[in-house]
Amino acid sequence: MNDSWKFENIFPVSVVSKYGKIENEESLLNKKILQITTNETDFVTITNNNSRRNSYILLDFGREIHGRVRILTCTGNAACPPEMRITYGESVSEALSNIGHQGATNDHSVRDTIFRFPDFSDMSLNESGFRFVKLELLSKNTSINIKAIIAESKMRDIEYLGSFESSSEELNRIYNTAAYTCHMCMQQFIWDGIKRDRLVWVGDMHPEMLAVKTVFGNNKIIDESLNFMRETTPLPNWMNGMPTYSLWWLIILWDWYFYTGNENFINENKDYALKLIKTVTELINDDGSDNLPSYFLDWPCNGKKAGISGSRALLAWCLEKSAELCNYFNDTQLSEICMSKKKILISTPAKNYGAKQVEAFFSISGWKNEKEAGEFILNNGSKGFSTFMSYYLLKSASKYDMSKTLEALEEYYGTMLKMGATSFWEDFDIEWAENAFGIDKLPVDGKKDIHGDFGAFCYKGLRHSLCHGWSSGPVAFLAEDVLGIKPMAAGCKKIRISPDLGNLEFAKGTYPTPYGVIKVSVLKNNNGNFYITYEAPKEIEIIL
């Protein structure tokens, strides 16, 4: 990998709740030198008597963090080191829950466990994704003095080269939060989530790749992640055991090359890509039916007819991208087969079965009229959106009405922010927010828990990941379709600037290319026309 790591010590910003005998808890909010001594005077004391309920304290670190908790203890009164249960939570309710309650889990990363804390100790615990931490003293008739409880954040030490600013503060927050979400998932490889799904899921990686190139530029983590999946998935196996994820690998391979212009990288993948493309073309029958062994577009339409239709639309889009790959590799015969198979496929009826994400892929693949699809997607605003599909939904909807698309974006992602999000989630339905309390709130009688009471499939209840890289789609959409920065040739050698501000008064931002950063500013005048200014590296041809 081409990046170093950045470690940050983060002190709690508030005490959310406590129970039992807790003394001087506010001292934990004070920044201190993180070295224990024999004469500490500023510490919290947690005491247990012999009652059935244990004393605990729940802390808020102010934002989602990838890393671990570090605890510095002074002394206690126990004969042997006292036991404490340390529970991380992406929400208050998760930090307060036992394993098994509403889906709370230690899957993929241990976030709930028991440790012993001797006198004068300085211990860094297990790594996960969290914002809240609960410390529960388990030993009876015992007290423990704690100097500091901090979060040790671990992130790639990379610069935010891309930026977005507009007349909508909500959109600005959405862009920055989506970028931060993606950044946290840039660990050893591109992970899907930092609490759960710390894996390289190829399909999920496409919106992450779009965010990486838009914010961080040409980062080797994409090359490494694509190569890792190729090397661990010998043909004829499907990546992640899912046929559609091998389709996504081909799509990402072409899109990443088109952005970077890195011929060495794409040529390394030539043999594998051509063999996979040939396999994909053989999935389409002469009557337009297909032989996909299974269908998966996203979780909300999984197991439904919409999931089959959406997977077929993805297959059509993959054939188009595969034709581009074949042309690059000078295999014109296979390129023609790809386009012929796509033509056969999209000659069949396109049914969305009420799923907006399926309609978006019909539009993107050229199966359906863009404006017709956009009108359908924007019906009832962001109702029916999914975080994984957000980029494709927004991109398709904007072809019909950019103003309404931005309103839907603010409604959908803005509601997550209003519910306390500091990173974006594995999934979200706008209807969940009705009569629900946020992730940063204690349970409220008569209200739903936005984290624990919702979700489905693999993300039921508190198992639901609240930092998921595939939810970073708004980053690329705002750069490409609002600011209008669209690469038109491999390696960004030619870029078109064609903004659409919708209901915004102005927008400006930066976009990294292999030759350096482009700066674009767009101001809408009283007549609704755009006044565009830009700065670009001399190697790039700009088209207005």
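Helices (H or I, at least four residues) and strands (E, at least two) are DSSP runs, numbered from the N terminus. The model shown in these views is predicted.

**Figure 1. Loop residue Asn-435, between α13 and β11.**
The loop that holds Asn-435 runs between α13 (402–418) and β11 (436–437). Asn-435 has a phi near 55°, a positive value in a residue other than glycine. Its relative accessible area is 45%, so Asn-435 is classed as partly exposed. Most residues other than glycine have a negative phi, and most peptide bonds are trans.

**Figure 2. Loop residue Phe-457, between β12 and α14.**
Phe-457 belongs to the loop that separates β12 (448–449) from α14 (473–482). Here too a residue other than glycine has a positive phi, near 50° for Phe-457. Phe-457 counts as partly exposed because its relative accessibility is 36%, and partly exposed covers values between 20% and 50%.

**Figure 3. The cis peptide bond from Leu-235 to Pro-236.**
Omega of this bond is near 10°. Pro-236 sits in the loop between α4 (220–231) and α5.

**Figure 4. Helix α8 and the residue Asn-330 just after it.**
The 24 residues of α8 span 35 Å from the first C-alpha to the last. This is close to the 34 Å expected at 1.5 Å a residue. α8 is mostly covered, with 18 of its 24 residues buried. Just beyond the helix, Asn-330 has a positive phi of about 60°.

**Figure 5. The largest pocket and its lining.**
This pocket has a volume of about 830 Å³. It is lined by 24 residues, of which Asp-255, Trp-317, Lys-321, Tyr-391 and Lys-395 are the closest to its centre. At least two lining residues come from each of α3 (205–215), α5 (243–260), α8 (305–328), α10 (356–364), α12 (390–398) and β13 (485–487). By class, the lining comprises 11 nonpolar, 3 polar and 10 charged residues.

**Figure 6. The second largest pocket.**
The volume of the second largest pocket is about 440 Å³. Among the 24 residues that line it, Pro-300, Lys-304, Gln-357, Gly-384 and Asp-429 are the closest to its centre. The lining of the second largest pocket holds 12 nonpolar, 7 polar and 5 charged residues.

**Figure 7. The 2 cavities of 30 Å³ or more.**
The largest cavity contains about 40 Å³ of space. Its lining consists of Asp-298, Trp-299, Pro-300, Ser-386, Thr-387, Phe-388, Glu-426, Asp-427, Tyr-459 and Trp-470, which divide into 5 nonpolar, 2 polar and 3 charged residues. The second largest cavity has a volume of about 30 Å³. Glu-64, Glu-90, Arg-131, Ala-421, Thr-422, Ser-423, Trp-425, Ile-439 and Leu-466 line the second largest cavity, with 4 nonpolar, 2 polar and 3 charged residues by class.

**Figure 8. The largest nonpolar core, with contacts of Trp-249.**
This core has 126 residues, and Trp-248, Trp-249 and Val-482 have the most contacts inside it. Its largest share, 12 residues, is supplied by α5. Outside its neighbours within four places in sequence, Trp-249 contacts Val-202, Leu-226, Arg-230, Met-239, Asn-269, Tyr-272, Ala-273 and Leu-276. Another core, of 24 residues, lies apart from the largest one and includes Val-69, Leu-137, Ile-144 and Ile-146.

Key
Residues are numbered from 1 along each chain as its sequence is written. This is a predicted model: local features need pLDDT of at least 70, side-chain atom pairs count only at pLDDT 80 or more; totals for chains, interfaces and linings use all residues. Side-chain values use heavy atoms; hydrogens and water are left out. On a 1 Å grid over the protein atoms alone, a cavity is a set of points where a 1.4 Å probe fits but cannot get out, and a pocket is an open set with protein on both sides within 12 Å along at least five of seven lines; lining residues have an atom within 4 Å of a point. Grid points are joined across faces, edges and corners, and a volume is the space filled by probe spheres set on the points. Ala, Val, Leu, Ile, Met, Phe, Trp, Tyr, Cys and Pro count as nonpolar, Asp, Glu, Lys and Arg as charged, and the others, Gly among them, as polar. A nonpolar core is a set of buried Ala, Val, Leu, Ile, Met, Phe, Trp, Tyr and Cys residues joined through side-chain atoms within 4.5 Å. Buried means under 20% relative accessible area, exposed over 50%, partly exposed in between (1.4 Å probe, protein chains only). Contact means heavy atoms within 4.5 Å. The expected span of a helix is 1.5 Å times one less than its number of residues.
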